[in-house]
Amino acid sequence: MKRKKRIEKILIDNFNSWSISVEDKSFLHYGHNNFSGKDETHFKITLQSQKIKGFKKLLIHQKINKLLKKEFLSGLHALEIKINF
């Protein structure tokens, strides 16, 4: 399974009442640190919730980073996280 699909599954399983978007931004980093732009190394995650208010963004960021620890250990280099309430 490709990294994008793994990330989507992890987030859907753990943020099931949220709208989730996962974008592969690796192509924007071609040449940086010898990245080819094709290795699924850089992602943007957007979480949107219209029902749930009062979550602390820092805690959500920490949870996502913890959930994706295996991905970081296996080649994920950068993650942009955007949270909308």
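**View 1. Phe 15 is a buried ring with aromatic company.** In this predicted model, Phe 15 has a relative accessible area of 6%, so this residue counts as buried. Trp 18 is buried too, at 10% relative accessibility. How many aromatic pairs turn up in a search of the whole structure? The search finds 3. One of them joins Phe 15 and Trp 18 edge-to-face, with 6.0 Å from centre to centre and 90° between the planes. Those two numbers follow the usual recipe: a pair of aromatic rings is described by the distance of the centres and the angle of the planes. Step back a little and Phe 15, Trp 18, Phe 55 and Phe 85 make up one aromatic cluster. Phe 15 also has a charged visitor, as Lys 63 lies over the face of the ring, 4.9 Å from its centre.

**View 2. Phe 15 also belongs to the largest nonpolar core.** This core has 14 residues, and the ones touching the most other members are Ile 7, Leu 11, Phe 15, Ile 45, Leu 47, Ile 60 and Ile 64. Which elements each supply at least two residues of the core? They are helix 1 (3–14), strand 2 (42–48), helix 2 (57–67) and strand 3 (78–84). Strand 2 gives the largest share, with 3 residues. Now look at Leu 11: once its neighbours within four places in sequence are set aside, Leu 11 is in contact with Asn 16, Ile 20, Val 22, Ile 45 and Ile 64.

**View 3. Strand 2 sits in the middle of an open sheet with the order 1-2-3**. The sheet has 3 strands and mixed pairing. Strand 1 and strand 3 are at the edges with a single partner strand each, so each has one side without a neighbour in the sheet. On average, neighbouring strands are turned by 15° against each other, direction ignored. Strands of a sheet pair through backbone hydrogen bonds, either parallel or antiparallel. Strand 1 (residues 19–24) runs antiparallel to strand 2, and 6 bridges join them. One place to look is Val 22, whose bridge partner in strand 2 is Ile 45. On the other pairing, strand 2 and strand 3 are parallel, with 7 bridges. There, His 42 stands opposite Ala 78 of strand 3. Is strand 2 largely enclosed or left open? It is largely enclosed by the rest of the structure, because 6 of its 7 residues are buried.

**View 4. Helix 1 and helix 2 meet the strands**. Helix 1 packs on the sheet and touches strand 1 and strand 2, with its direction at about 160° to that of strand 1. Helix 2 lies across strand 2 and strand 3, and runs at about 140° to strand 3.

**View 5. Glu 40 has a positive phi in a loop**. Where is this residue? Glu 40 lies in the loop between strand 1 and strand 2. Its phi is near 50°, a positive value in a residue other than glycine. For background, most residues other than glycine have a negative phi. Glu 40 is also buried, because its relative accessibility is 15% and the cut-off for buried is under 20%.

Definitions and conventions
Residues are numbered from 1 along each chain as its sequence is written. This is a predicted model: local features need pLDDT of at least 70, side-chain atom pairs count only at pLDDT 80 or more; totals for chains, interfaces and linings use all residues. Side-chain values use heavy atoms; hydrogens and water are left out. A nonpolar core is a set of buried Ala, Val, Leu, Ile, Met, Phe, Trp, Tyr and Cys residues joined through side-chain atoms within 4.5 Å. Buried means under 20% relative accessible area, exposed over 50%, partly exposed in between (1.4 Å probe, protein chains only). Helices (H or I, at least four residues) and strands (E, at least two) are DSSP runs, numbered from the N terminus. Contact means heavy atoms within 4.5 Å. Rings of Phe, Tyr and Trp (its six-membered ring) pair if their centres lie within 6.5 Å; planes under 30 degrees apart count as stacked, over 60 as edge-to-face and the rest as tilted. A charge sits over a ring if NZ of Lys or CZ of Arg is within 6 Å of the ring centre and within 35 degrees of the ring normal. Two strands pair if DSSP finds at least two bridges between them. Axes are lines fitted to C-alpha atoms, for helices over the stretch in contact, and angles run from 0 to 180 degrees between N-to-C directions.
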